[in-house]
Amino acid sequence: MPEINVVPKERYQLLAAVEVVERPSSIVKEMIENSIDANAKNITVEIQNGGSTYIRITDDGCGIERSQVKKVFVPHATSKISVKEDLDAIGTLGFRGEAMASIGAVAKVELLTKGENENIGTRYEIVGGEEISIDDAGCPKGTTIVVRDIFFNTPARMKFLKKDVTEGNSVAGVVDRMAISHPEISFRFIRDGKQTLITSGNGDLKSAIYSVFGKEVSDGLIPVDYSYENMRVSGYVSKPTASRKSRAMQFFFINERLVKSATAMAALEQAYKNSIMVGRFPMCVLNVEINPSQVDVNVHPAKIEVRFANEKPIFDLIYYGVKTAVEADRTVKEADFSPTLEDIYSSVKVPERKEQTYSARLDFFKKKEEPPVQQTFRSMTSVEFNQSLNSSRQVYEKAEEIKNNNEKVKKPFSDIDIEFEENTPVSEAVETPVINDEKPVEDFILIGEAFKTYLIVEIGKELYFIDKHAAHERMNFEKFKSQDTVETQMLLSPEAVNLTKEEFSEFSENIDLVRKCGFEVEEFGESSVIVRAVPSLVGDSDVKDLILEIAQKLMEHKTDIVPDKIDWIYHSASCRGAVKAGDYTSREEQELFVKKLLSMPEIRFCPHGRPVFIKISKYDIEKQFGRV
C-alpha cells in the first residue's frame with residue numbers, strides 16, 4: 001500500500017488557491033464582493049496588462065481594524081459566518097473565507113486599510129502566502145488592495161492565462177455585472193491608464209445599464225416589477241423588437257448575487273413565447289428577492305450556481321413578472337434603412353476586374369480607395385423624356401388592365417373576422433369609432449396594399465406597413481385563447497386522416513386535448529382518425545394537412561406541458577384560417593381589417609414572433625429624399 005503523506009501547508013494552499021483563483025477576473029470578482037459586503041459606496045478597479053501584473057481595488061467601506069488584518073489571509077477566516085445556522089441563510093456575497101487566502105498564496109499582495117474607529121491606517125504585505133511586513137500607513141477610511149504578478153510561484157498555471165486583451169475583457173465583464181447588480185454603488189474602471197467605465201451610484205438601475213451597455217441597449221428595455229408569494233422580481237427586460245441572436249445579454253441575480261439558473265432562463269424565454277421569432281433571445285437584468293433560507297449558494301467555488309428549495313415558485317415569479325411587462329409594451333418595430341457592412345462592401349466595385357469575391361471587395365474597401373462613380377442618371381432632351389414618359393404610362397395602364405381582369409375572376413377573401421351588419425354601407429361601418437366593443441381606434445388613412453400582402457396606413461406623421469397574414473393569424477390566436485369554449489363548424493363530409501403508427505399513438509394519448517381545441521375527432525381503425533368538425537376560425541382550410549401538422553407536433557413535443565401544446569395547436573389553426581399573402585382583399589375589407597386591428601393594441605407580433613407592423617416616420621422618409 002502506498003504511504004499516506006500529509007501535504008505541507010504551503011502546498012495545500014496552492015492546491016486550494018487554483019480552485020478559487022482561475023484568472024485575474026476571479027480575483028477582481030472576489031475582492032469587489034468583499035468591498036460590497038463592507039458597505040462601500042464607491043469602488044475603483046484598476047488593472048494593467050489584463051490584470052496579470054497589476055490589480056488595484058479601492059473602496060470606501062468600513063475598513064479593517066489592525067488587529068484583524070492578518071486574519072484576512074488565513075484560510076477559512078471570515079466575518080460572515082459565526083455559527084452553523086448562518087449557513088442556512090447566507091445574506092452576504094462572500095462567506096467561505098477562502099478568497100483572500102488563495103489570492104495571497106499565488107500573488108504579491110499589498111493591503112492598505114483603516115477602520116472606522118482608527119486614527120491611522122495599516123499597510124500589510126504578503127507574498128506567496130508569506131508575511132513580509134506590517135506598518136502604519138496614512139490612508140482614508142476604507143480598503144485598498146494591490147495584487148501584483150499573479151501565479152508568479154506557479155508558472156505552470158501562468159501558461160494558461162490568455163492574451164492581455166482577453167483577460168482584460170474578462171475583468172471588464174466582471175465589473176460590468178457588478179455595476180448593474182448594485183446601481184447604488186458608484187463603480188469606476190481604469191484599464192491600462194484609461195478610464196473605461198464610471199457609474200453614478202444614484203440607485204437608478206436604468207442609469208447603470210446605460211453607463212455599462214450604452215444608449216441602444218438602454219432604449220430597448222422595459223421595466224419589470226412583480227411580487228408573488230413573498231418574493232419579488234425587478235429590473236428590465238428587452239422589448240420584443242430588441243431581441244438578440246444569443247443569450248449573452250441575460251443577467252440574473254438572486255438577492256443581488258449574479259447566478260446561472262436554468263429555471264430563470266426557461267421562465268424568461270417562455271414569457272416571450274409568441275412575441276419574438278424562433279432563434280432570437282431576450283435581454284434581461286433581473287434581480288430576484290427571496291428569503292435566503294430558500295436558496296443554497298454554497299454549491300460551487302465560484303458561487304455562481306445555486307439550488308432552490310422549490311423551483312416552481314421561482315419559475316412562476318419570473319414568468320408572470322416578465323409576461324406582464326411584455327404584454328403591456330406597445331412598441332412597434334421601426335424600419336431600419338442603415339446598410340450592413342456586408343451591404344456596403346458588396347456595393348463597392350473594384351475597377352478593372354471581371355470577377356470579384358466578397359473578400360476582394362472587402363480588401364478594396366479597407367484601402368479606402370475612391371470607387372468609380374457609377375452614372376445612374378444621364379441628361380435627357382425634352383423629346384426623349386416625353387417618349388420615356390409615354391412608354392411608362394402605356395406599361396402601367398396595361399399592367400392595371402391585367403390586374404383588374406385577374407381580380408374579377410378571383411374569389412374575394414371574406415373570412416376575415418370583421419363583424420358588421422350585412423346591409424350597412426361600408427362608409428358607415430368604417431366611420432364607426434368602435435368595432436365589436438373593442439377599444440377606440442386612432443384616425444387613419446388607408447393608402448393601399450403592396451404585393452397583395454402589406455397594407456399601408458398613414459397615422460399622424462407615420463406610415464405603418466401591416467403584414468395582413470401575420471396580423472390576421474394573431475387575431476385568430478387571441479380569439480382562440482379568449483374563448484371558454486371554442487366555436488366549431490361541422491364539415492360537409494367527415495374527413496379521414498391516415499397517420500403513421502407512432503403519430504396515431506401520440507395523437508390518441510392527446511385526443512381529449514385536441515377536442516378541447518375545437519376539433520370533433522375520433523379514432524378510426526388502427527392508424528386513422530376521422531374529423532367531423534373543426535374550429536370555425538379555420539374555415540375551409542385543408543383539414544387533412546392541419547391534422548397531420550398537429551400529429552407531427554405532438555410527436556416532436558411529447559414532454560411539453562399542456563398549455564404549451566394548446567398554444568401550438570392554436571398556432572397551427574390560426575395560421576391555416578388566416579388570410580394568406582397574395583390573397584385578394586377588397587378596399588372595404590382592408591379598411592375594416594385595419595380598424596379591427598387598431599382596436600386591439602395588444603397585437604404587435606404574430607404567434608411565431610414576427611412583427612405585425614413596421615413603422616416609418618415622415619422624418620425618415622424625408623431624410624431619404626434629402627429634404628431634412
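Cys 284 is a good place to start: with 2% relative accessibility, this residue counts as buried (buried means under 20% relative accessible area, exposed over 50%, and partly exposed in between, using a 1.4 Å probe and protein chains only). Cys 139, at 18% relative accessibility, counts as buried too. Searching the whole structure turns up zero disulfides (pairs of cysteine sulfur atoms within 2.5 Å).

A quick word on what you're looking at. This is a predicted model, where local features need pLDDT of at least 70 and side-chain atom pairs count only at pLDDT 80 or more, while totals for chains, interfaces and linings use all residues. Residues are numbered from 1 along each chain as its sequence is written, and side-chain values use heavy atoms, with hydrogens and water left out.

Cys 284 also helps line the largest cavity, along with residues including Ile 209, Phe 213, Tyr 236 and Met 249. Helix H7 (205–213) and strand E13 (284–289) each supply at least two residues of that lining (helices, H or I with at least four residues, and strands, E with at least two, are DSSP runs numbered from the N terminus). The search of the whole structure finds one cavity of 30 Å³ or more. There is also a largest pocket, lined by 50 residues, of which Gln 270, Lys 273, Asn 274, Asp 564 and Asp 567 lie nearest its centre. Helices H9 (262–271), H10 (311–328), H15 (468–482) and H19 (562–577) are the elements giving two or more residues to the pocket lining.

| Space | Volume |
|---|---|
| Largest cavity | about 50 Å³ |
| Largest pocket | about 1400 Å³ |

Both terms come from a 1 Å grid over the protein atoms alone: a cavity is a set of points where a 1.4 Å probe fits but cannot get out, a pocket is an open set with protein on both sides within 12 Å along at least five of seven lines, and lining residues have an atom within 4 Å of a point. Grid points are joined across faces, edges and corners, and a volume is the space filled by probe spheres set on the points.

Now for the chain as a whole. It has 21 helices and 22 strands, and 45% of its 628 residues count as buried. The largest nonpolar core (buried Ala, Val, Leu, Ile, Met, Phe, Trp, Tyr and Cys residues joined through side-chain atoms within 4.5 Å) has 52 residues, and Val 28, Met 31, Ile 32, Ile 43, Val 45 and Val 147 touch the most other members. Helix H6 (residues 164–181) gives the most to this core, with seven residues. A second, separate core of 30 residues includes Phe 519 and Leu 546.

Two loop residues have an unusual backbone angle: most residues other than glycine have a negative phi. Asn 255, in the loop between strands E11 (250–254) and E12 (257–259), has a positive phi near 50°. Lys 452, in the loop between strands E16 (445–450) and E17 (454–459), has a positive phi of about 50°.

How far can you trust the model? The mean pLDDT is 78, and 74% of residues reach 70 or more (pLDDT is the predictor's confidence in each residue, from 0 to 100). Over residues 368–378 the pLDDT is below 50, and it stays under 50 over residues 406–437. Where pLDDT is low, the predicted coordinates should not be read in detail.

How values were computed. Contact means heavy atoms within 4.5 Å.
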